[in-house]
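Got the structure open in your viewer? Here is a walk through it, one selection at a time.

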Amino acid sequence: MARRHLLEFEKPLVELEQQIEQIRDLARSSEVDVSQQLLQLETLAARRREEIFSSLTPAQKIQVARHPHRPSTLDYIQMFCDEWVELHGDRRGSDDQALVGGVGRIGQRSVLLIGHQKGRDTKENVARNFGMATPGGYRKAMRLMDHADRFGLPILSFIDTPGAYAGLLAEEQGQGEAIAVNLREMFRLRVPVIATVIGEGGSGGALGIGVADRLLMFQHSVYTVASPEACASILWRDAAKAPEAAAALRITGPDLRSLGVVDEVLPEPAGGNNWAPLQAGEVLKEAIERHLGELESLSSKELRDQRYRKFRAMGRVLTAGTTENDLAV
Amino acid sequence: MSLFDWFADRRKDQYVGKVTQEQDEGDGLWSKCPECSQVVYRKDLIANASVCSHCGYHNRIDSTERIALIADAGSFIAINGELEPTDPLGFKDRRAYADRLRETQAKTGLRDAVITGMCRVDNLPMALAVMDFRFMGGSMGSVVGERITRLVERATDERVPLLIVCASGGARMQEGMLSLMQMAKISGALERHREQGLLYMPLLTHPTTGGVTASFAMLGDLILAEPKALIGFAGRRVIEQTLREKLPDNFQTAEYLQEHGFVDTIVPRTQLKTTLASLLRLHGSRPVEVVG
Ligand SMILES: [Zn+2]
């Protein structure tokens, strides 16, 4: 029996892991020295894992990004913060469990942390609505960001959602308006904002807490304009073409880095962040502290101007005089 | 370029037909209302802003007709019309995006899904963007984002109010995340316009959905909508799948949004220009001196 939740393409590892497990059992129940064999098999398994994870297709990366044991917003907060107080509610009648936030301390800095929150199992996911926030969630996030702005706390935003919740109540309460207001108001913030795509960044629901001075993304995270499933059923008229859509949409960190959307792609261990959550925490904490250090030297006006210019530059258009070649990625 | 030149330019591009003519019955002189089946003289229909005089049904109109309804004759001057879409991802679904673009451009005579420019409404200056649903469902890619952003920046610099006529299925998937980022880019420009105390009004027309709803369509100081226009964030089918129950009949209509507090006023197209002029004056717009 494998000890962990294995993804489809990890299946070649199953047999190896079973062997390793059997030998461990043998070592426990007898005096036989198996350290040599164990080392050999573990090295082999590590190499296989390395091979598999160094050549993931975009569709496979989506599976890694959605892995139930991939570290979540609250996992990172727990890893980062010695002190942490979760804050609830949008002050308009709701407290969305799919978008969480609060104040905490990282090293010497007081910060505001917000992020989408998924669950690890079905029960948790029902409570967290699979990380799909309601308008109340986006309004709670904005209330907390305004609070951070008022008290000069840098904002750390963690993106991990299949998309904003699509439902009757969400429409009645103005899902579009809630996200739109966040997009506009985040340009007004006078404190540094660092957003990280820790899992999946699903469209407007991700961008609703994603207008940042720095956008970071883990190696196997994805960020999409529309889910590949939806894209495939609209453009290919066939939802089964989702893997093709995933490749065509250019949703991986390196793709988005070359398109000028993402500032830094953070490395993951072979097997993905679910394989080594503490290591993922270290990598992200180092990156966040480094970027905060850079941003803190800017005045609030410089911060806002820079943020505006950053988004102002996004997009590719041909003007009189440019040719397709000038824009080659 | 004046609106007149612009019309002339489009004739050169072999532009064929208005959307209303697609509902043509017989010889082209007559038109049958898709809502109430009343047959009317096409000339009368166009004279009535393509609104059925019998039942009030608002036929879809294209960007040119919309501009003619809003701007004083000869006052619209298009800007940034030279910006052209490109294919940043090398995107191909069943067909290549580059081919789709070329074909849509040839068919519509448009370079992309929005026209932007400066104009006057009852001699009051205003920046105007009009999305055109005929161009790939009014989807928002880099050119739509760039043209609107430049228009908002110009409106901010010249301290004039702004109207964006929305008609869009949302972000243009073929340009991937660059399309999504246009939502943020335009919202950032609108923040600067707002900070200067300037008036911004989106007019939501049929349909306004997805990423456009989740950005500039919902950021107006005042939000206007056309009667019965479909306005929403998520698609009806997606919601029905999650909900497994029937949605109210008027779900995601302009009237429904007004009921829930997201639309300030529903303006019949025949009253659009007078309402706009009135709102501009009530917010301090002053007539411009006309030279020449
Ligand atoms: Zn009628």
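The tour starts in chain A, crosses to chain B, and finishes where the two chains touch. Keep in mind throughout that this is a predicted model.

**Stop 1: a hairpin in chain A**

Select residues 99–106 and 109–116 of chain A, which are β2(A) and β3(A). The two strands run antiparallel and are joined by eight bridges. If you want one pair to anchor the view, take G102(A), whose bridge partner in β3(A) is L113(A). Two residues sit between the strands, making this a hairpin, and G107(A) in the turn has a positive phi of about 60°.

Now stay on β3(A). Is this strand mostly covered or mostly open? Mostly covered: six of its eight residues are buried. Besides pairing with β2(A), β3(A) pairs with β4(A), this time in the parallel sense, over four bridges. Add residues 155–161 to your selection to bring up β4(A), then look for G115(A) and its bridge partner in β4(A), F158(A).

**Stop 2: the helix α6(A)**

Next, select residues 135–151 of chain A, which is helix α6(A). Try a quick ruler check: at 1.5 Å a residue, its 17 residues should span 24 Å, and the end C-alpha atoms are 25 Å apart, which agrees.

Which residues of this helix are buried? Colour P135(A), G136(A), G137(A), Y138(A), R139(A), K140(A), A141(A) and M142(A), then add L144(A), M145(A) and A148(A). For the cover over these buried residues, turn on the strands you already have, β2(A), β3(A) and β4(A), which are among the elements that supply it. Helices α7 (168–172) and α8 (175–186) of chain A are also included in that cover. Just after the helix, click on G152(A), which takes a positive phi of about 65°.

**Stop 3: a residue on α8(A)**

Since α8(A) is now showing, pick out E185(A), which is found in that helix. Buried, exposed or partly exposed? It counts as partly exposed, with 17 C-beta neighbours inside 10 Å. Then draw a C-alpha to C-alpha distance from E185(A) to I198(A): the two are 13 residues apart in sequence and 23 Å apart in space.

**Stop 4: two helices that cross**

Still in chain A, select residues 73–80 for α4(A) and 277–295 for α13(A). Their axes come within 10 Å and cross at roughly 75°, and the two helices are therefore roughly perpendicular to each other.

To see the contact itself, show side chains for D75(A), Y76(A), M79(A) and F80(A) on α4(A). On the α13(A) side, they meet P277(A), L278(A), G281(A), L284(A) and K285(A). Colour this set by class and you get six nonpolar residues, one polar and two charged.

**Stop 5: over to chain B**

Switch to chain B, which has 10 helices and 11 strands. Of its 292 residues, 50% are buried. If you like contact maps, count the contacts in chain B with a separation of 6 or more: residues 24 or more positions apart account for 68% of them.

For a closer look, select residues 200–209, which is strand β8(B). This strand is largely enclosed by the rest of the structure, because 10 of its 10 residues are buried. Add residues 162–168 to see β7(B), which is joined to β8(B) by six bridges and runs parallel to it. L163(B) has M201(B) as its bridge partner in β8(B).

Then select residues 176–195, helix α6(B). The ruler check works here too: 20 residues at 1.5 Å each should span 28 Å, and the end C-alpha atoms are 30 Å apart, which agrees. This helix is mostly covered, with 17 of its 20 residues buried. It is followed by G197(B), whose phi is positive, near 75°.

**Stop 6: where the chains touch**

Show both chains together. How many residues of each are in contact with the other? The count is 50 residues of chain B and 44 of chain A. On the side of chain B that touches chain A, β4 (84–85), α5 (142–157), α6, α7 (210–213) and α8 (236–243) of chain B each supply at least two residues. The largest share, 14 residues, comes from α6(B). By class, that side of chain B has 26 nonpolar, 16 polar and eight charged residues.

For the last selection, take residues 317–318 of chain A, strand β9(A), which is joined to β4(B) by two bridges in an antiparallel arrangement. End on V317(A), whose bridge partner in β4(B) is P85(B).

Notes
Residues numbered from 1 in each chain as written. Chains lettered and ligands numbered in written order. Predicted model: local features only at pLDDT ≥ 70, side-chain atom pairs only at ≥ 80, totals over all residues. Axes fitted to C-alpha atoms, helices over the stretch in contact; angles between N-to-C directions. Parallel < 35°, antiparallel > 145°, perpendicular 65-115°, else oblique. Contact = placed C-beta atoms within 7 Å. Nonpolar A, V, L, I, M, F, W, Y, C, P; charged D, E, K, R; others polar. Expected span 1.5 Å × (residues − 1). Buried ≥ 20, exposed ≤ 12 C-beta atoms within 10 Å, placed from the backbone. Pairing = 2+ DSSP bridges.
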